[in-house]
Each structure stands twice: as C-alpha cells, then as structure tokens.
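This report introduces a structure to a reader who has not met it before. It takes up salt bridges, then pockets, then a patch on the surface.

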Amino acid sequence: MSDLYNKYHLKKVINASGKMTILGVSTLAGPVIDAQKFGDEHFFEMADLVKQTGRHLAELLGAEDAIVVNSASSGIAESVAALIGRGSKHHVYHPYDARYTKREIIIPKGQNVDYGTPEEVMIAVGGGQVVEAGYANMCSPEHLEIMITDQTVGILYVKSHHAVQKSMLTVAEAVKVAHDHQLPLILDAAAEEDLRKYLDLGVDIIIFSGGKALVGPASGLVYGKKQYIDWIRLQSLGLGRAMKVGKENIMGLTRAIEDYLQAGPEDGDSMQRRLQPFLTALNAVPYVEATAVQDGAGRDIYRASVVIQPESPQNAKAVTAALKSGNPAIYTREYRANVGIIEFDIRAVDQAEMDAIVQRLHEILD
C-alpha cells in the first residue's frame, strides 16, 4: 500500500508537530482498524448505533450520556445549536429563525482562537452570537460574569495550548460562574488527555477530538449531562446532517476509547527519556541549542525546543520551510518560529525518524 504515495504523487511525512489535523491527526492501532472494518462490513440501525455506543462510552467514563460526532468542531456547532433550540423540533428544522432570540455564547476573548478555523465560526454555524469576555491578556470570573444577559444561553471555555494561558480564569471558576447563573458550560477540550477530570469539575458539555489524544479515527466525542446530550443528538435531523459521522468511525472511536482508558497516553517520564538522546543529537547540529520543555497548556507532554542561534545562516522560519520542502516532509511546531524557536513533538516519531530529522538539520545548517 506504500505505493499509494507514488500513485497519488504524495510526499511521505514525519510528524514532529503533534496531533495535527493538517497531517491526518493520528495513525491507528490494529484493534481500532479492525473495529472500523467491522463497521464497514455491516449494516446497523444508525440511530440505535449512535445511542447505544454513546451509552456504553458514558458508562465507561462515568458520564450521564455521550455521543460520537463527526469532529470536535461539529461538537461545538451542534452543542451551541442544542442550547439555543432546547429540544425544539421546530428549531432543528429552522435553526436560524428569528424567533429564537436567545443566542449569546460567552467566550473569554483570549480563547477565541484559530485552531484551523476560529472558534467563533463554529459558534456562528450553530446559530450562536459570540460575546467576548475580558481582554486579550486576561479574563477573570468577574469579566465573564458581567457579560451575562437574559439572552445568554451558555459559556464556552477553550482548554488549549492555542489559547491565552496567563491571567486566565480556570475551568472550575468558569463552571461556578455558569452554574451561579443557571447556565451550562461547554468545554472545548479537543486535545486534552484526561477524560474524567472535567466531569469531576461539573462541566456540562465536554468535547474531545477523537483523533488526537484518544488516537482514534476522524471523529469527536461529546459527553456530559444527559439533557444536553439528548438535545445534541437531535441536531442530526438538522444542521448536524451535514456533519454526520460514519458507522465505521463510530465503531473505531468506541474501540479507541476503550483501549485508551486501559492504557492511557504516554507518560511524561517516558517521553523525557526518549527525548534525551534526541536532544544530544540536536545539540550537535551547528547553530542549534535544544532543551526539553513541557506543553504550554500544562499537559504531561514534553517536547524538544530548538533555538536557532542569531548567527545562523538560516533563521527559524527558513529552517521549518526547508524541513517541510523535503521528502519526507518534516513538520514541526512552528508557533514561535518568529522568535527563533522550533519545537519537535515526538509522540508520533520513532528513533529512525528522529535520526532523519537530525540528518536533515545538518544538511540545512552545516
């Protein structure tokens, strides 16, 4: 099957960027592929498949209910629509009707990020009106609270490395503000790793990407309070129709979550041990200074942070461009390349690929 790279004129990829949608997110384990294959080869009553797999996952997680959706993005849009329509069949068929005046979704300003599309786009797709709270560099519980009006239907909190971290209220603080005003909190936790943590905090609607930490197929998981999940499930008759998830991916994600809950993600200590020889090799490349850094959002993920020295003939942006231009294309985390820093995420990188990265850097910088 590797001939498909040649057949479609595609480059191979070394993914030192992380669980990124632009690279296909994750590669799947055999049991997950087998579950997808079973889905591919059989028919189901789809409404029953959605409901029963959701119940099964909810039991595993200790949630009231759950649903597998097309993606974390569709989870945001369908959750917003659900809070506006509140189970109304009329709303499902007419989601943007002017009679539904309560549409405000409050989000901390520093969390209205572009993760591949802006959060506000998915809110708008669901029929919501974005209300930003706080400022680009801070948002307190009070900032959130003062934006609540009688038109507010929910609060959206984004737990992500993309979002502003400093001077930001915590998830627990956001839950308290929401519940003090009888509002639900939607949590976009797409790339988070702990499935049970936010249930313990009382979050009403929790959204995970199926393909990121959970190492499942392209999909999303939404779970939390039963009433809200019922309303979200109803969206499949409306705007959710354009976001439907296939039977094979429902089966695949369900198996991936079962396996994930047993094995868990790679722990930080193991990641740091794998990093050490890689860091040593990177530091032998001219104009490179490499150290281990923890994920900016506090997850137990460690990466190689490479500073390209000012005297280098190539700046960090040029280096990342050169890495991507080869075959295999080497993708890194280049969010801080403008200040001379490149990060290498090794979760999906084996030793041979680390060696190839180091060799390519020598070719670029020697």
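## Salt bridges

A salt bridge is counted where a side-chain nitrogen of Lys or Arg lies within 4 Å of a carboxyl oxygen of Asp or Glu. The structure is a predicted model, and a search of the whole of it finds 18 salt bridges. In general, side chains of opposite charge can pair when their charged atoms come close.

## Pairs within helices

In helix α11, which spans residues 247-263, aspartate 259 and arginine 255 are four residues apart, so about one helical turn separates them. These two residues form a salt bridge, and their closest N and O atoms are 2.9 Å apart. Aspartate 259 has a relative accessible area of 23% and is therefore partly exposed. Arginine 255 is also partly exposed, at 32%. Elsewhere, salt bridges with shared partners join Asp295, Arg299, Arg303, Asp345 and Arg347 into one network.

Helix α2 (residues 30-41) holds lysine 37 and glutamate 41, which are separated by about one helical turn because they are four residues apart. The salt bridge between lysine 37 and glutamate 41 has its closest N and O atoms 2.6 Å apart. With a relative accessible area of 43%, lysine 37 is partly exposed.

A further pair lies in helix α10, where aspartate 230 and arginine 233 are three residues apart and thus separated by about one helical turn. The closest N and O atoms of the salt bridge between aspartate 230 and arginine 233 are 2.9 Å apart. Is each partner buried or partly exposed? Aspartate 230 is partly exposed, with a relative accessible area of 31%. Arginine 233 has a relative accessible area of 14%, which is under the 20% limit, and arginine 233 is therefore buried.

## The largest pocket

Rolling a probe the size of a water molecule over the atoms shows where empty space is left. The largest pocket has a volume of about 630 Å³. It is lined by 32 residues, and those closest to its centre are Lys19, Thr21, Tyr115, Ala190 and Lys212.

Which helix gives the most to the lining of the largest pocket? Helix α4, made of residues 72-85, does so with three residues. By class, the lining of the largest pocket comprises eleven nonpolar, twelve polar and nine charged residues.

## The second largest pocket

The second largest pocket has a volume of about 470 Å³. Its lining consists of 20 residues, and Ala47, Val50, Arg233, Ser236 and Lys244 lie nearest its centre. Arg233 thus appears both in this lining and in the salt bridge with aspartate 230.

At least two lining residues of the second largest pocket come from each of α3 (46-61), β2 (65-69) and α10 (226-234). The most come from α3, which gives four residues. The lining of the second largest pocket divides into twelve nonpolar, three polar and five charged residues.

## A nonpolar surface patch

On the surface, Leu4, Tyr5, Tyr8 and Leu10 form a nonpolar patch. Together these residues have about 370 Å² of accessible area.

One member of the patch, tyrosine 5, is found in helix α1 (residues 3-7). Tyrosine 5 is partly exposed, with a relative accessible area of 34%. This value is over the 30% that a residue needs in order to be part of a patch.

Terms used. Residues numbered from 1 in each chain as written. Predicted model: local features only at pLDDT ≥ 70, side-chain atom pairs only at ≥ 80, totals over all residues. Heavy atoms only, no water. 1 Å grid on protein atoms, 1.4 Å probe; cavity = no way out; pocket = protein on both sides within 12 Å on 5 of 7 lines; lining within 4 Å. Points joined across faces, edges and corners; volume = space filled by probe spheres on them. Nonpolar A, V, L, I, M, F, W, Y, C, P; charged D, E, K, R; others polar. Patch = residues over 30% accessible without salt bridge, like charges linked within 9 Å, V, L, I, M, F, W, Y side chains within 5 Å. Areas by Shrake-Rupley, 256 points an atom, 1.4 Å probe, with all protein chains shown as cover. Buried < 20%, exposed > 50% of the residue type's maximum accessible area, 1.4 Å probe, protein only.
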